[in-house]
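Student: Could you walk me closely through one part of this model? I'd like to see how the strands are put together there, and then zoom in on a single side chain.

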Amino acid sequence: MKRSAAKLKCHHAVTIFLLLSSAGISVDLLADTPLGWINSNNVSAYTTTKGELELSGSIQAVNGTIDFLDIREDLFAANQRLAGNSGDLSGFKLEAHYGITDFLSAFARYQQHDLTVDLGEISSVRLLEIDDDLDTTQQEIGIKWTLYESDLLNPDNRNNALSLQLTGFKNETDNFDVTVDQVFFSNVTVTFLDPTTFSVSNLEDEGWTSRLLYTRYLDGIGFSTLWGGYGESTATSGTSTNAINGTIRNLFTQDFETEESYLFFGASLNFQINPRLPVTISYEYINISDSEFNRNPIDPPSQLPGFLRSSGPSEESGNHTLSARVSYWLTPEVNVSFTGNLYSNQFLGRLPHYNNPLSESFASAPYGFIGAELGYRF
């Protein structure tokens with residue numbers, strides 16, 4: 001895998017030198033990735049170069065002005081419960097990749113985003129205050145291990161590789177709170193002396209995935225990658241209240257747990273227009289192969305307001321995901337990128353805890369957002 005300059009023929013060395021000079025980018029000839037390669041948000045079998053640290057930060061958004069493929073408008077059309085700025089998203093992501101050895105690298109991702117969910121008027125309560133977004137934090141850490149490489153004598157490390165990637169993740173969302181002073185049941189109205197909060201709570205999930213990846217160099221085009229994998233997750237959610245009255249508190253307390261296993265496969269093309277301008281298009285399909293949903297109590301109280309009532313998890317079992325990325329190296333160390341992400345079923349399979357009493361009714365709606373990223377390579 002690792003080649004020294006002494007083993008390269010003279011004309012190979014001259015060719016590589018000319019390529020680097022014309023592109024304005026320097027690269028270690030012992031690199032594990034090709035010239036101009038960006039690891040951040042790029043699914044491939046290549047590991048990060050030994051001793052190299054790649055950091056990136058991005059902002060992500062969709063709103064009334066930035067409506068990726070009219071996804072936000074379609075979300076409204078599919079769900080009459082939503083109002084206002086529902087579907088807006090704003091957030092950021094931090095990502096790091098580090099090469100531990102010539103065949104092993106580690107990575108970590110941290111993302112925070114706010115997804116606006118405006119429920120409008122709720123006729124079953126007299127509102128004093130209501131949240132209008134889901135504030136979510138995503139964390140992911142993993143390793144990638146190269147199992148096989150070929151065509152090691154190709155210039156600029158344009159080789160074929162097979163790798164195994166293992167990832168652990170955890171996602172959490174803050175409580176979605178509704179503060180009221182009255183609740184209207186079918187035959188009685190309950191008035192609270194002190195404002196009382198009802199919540200969609202305990203929104204989190206954790207799990208792991210394993211993925212086998214194969215990347216192949218396509219002469220004159222760039223690189224293609226195929227992958228397949230398996231994952232498992234456990235997600236929790238529930239409803240709760242800070243009501244003092246024990247009967248009311250028990251009535252509005254529910255717990256949900258979903259255990260899922262899923263298969264996924266995908267493909268990507270990385271077009272090396274030139275070493276300073278890589279373009280990547282990728283597709284992935286997620287199939288939830290097994291899902292077990294548990295709730296306590298088994299039968300939800302009929303008196304619950306609609307925003308706290310759940311009939312069960314979404315019946316959708318698959319999600320088509322598409323992403324595109326255009327990058328440019330400003331200097332040999334700094335790059336900028338613009339990305340687009342599209343999901344046929346919102347975040348199904350990616351954030352299992354979103355399938356809760358608040359968001360399950362629009363979990364099957366398409367969704368997408370765009371992003372801008374700045375990366376630095378040490």
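Tutor: Happy to! Let's start at the hairpin, where 2 residues link strand β10 to strand β11; strands here are DSSP runs of E, at least two residues, numbered from the N terminus. Keep in mind that this is a predicted model, in which local features need pLDDT of at least 70, side-chain atom pairs count only at pLDDT 80 or more, and totals for chains, interfaces and linings use all residues. Residues are numbered from 1 along each chain as its sequence is written, and side-chain values use heavy atoms, with hydrogens and water left out.

β10 covers residues 254–274 and β11 residues 277–296. The two run antiparallel, joined by 19 bridges; DSSP must find at least two bridges for strands to pair. One of the bridge partners is Glu292 in β11, matched with Glu259. β10 also runs antiparallel to β9 (residues 222–241), through 18 bridges, and here Gly231 has Tyr262 of β10 as its bridge partner.

Now zoom in on Glu284, which lies in β11. Because its relative accessible area is 9%, Glu284 is buried (under 20%, against over 50% for exposed and partly exposed in between; 1.4 Å probe, protein chains only). Its C-alpha sits 5.6 Å from that of Phe265, 19 residues away along the chain. Beyond four places in sequence, Glu284 touches residues including Trp227, Phe264, Phe265 and His320, where contact means heavy atoms within 4.5 Å. Arg350 is also among them, and its side chain makes a polar contact of 3.0 Å with that of Glu284: a pair of N or O atoms within 3.5 Å, one able to donate a hydrogen and the other to accept it, with residues adjacent in sequence counting only if both atoms are side-chain atoms.

Technical notes
Helices (H or I, at least four residues) and strands (E, at least two) are DSSP runs, numbered from the N terminus.
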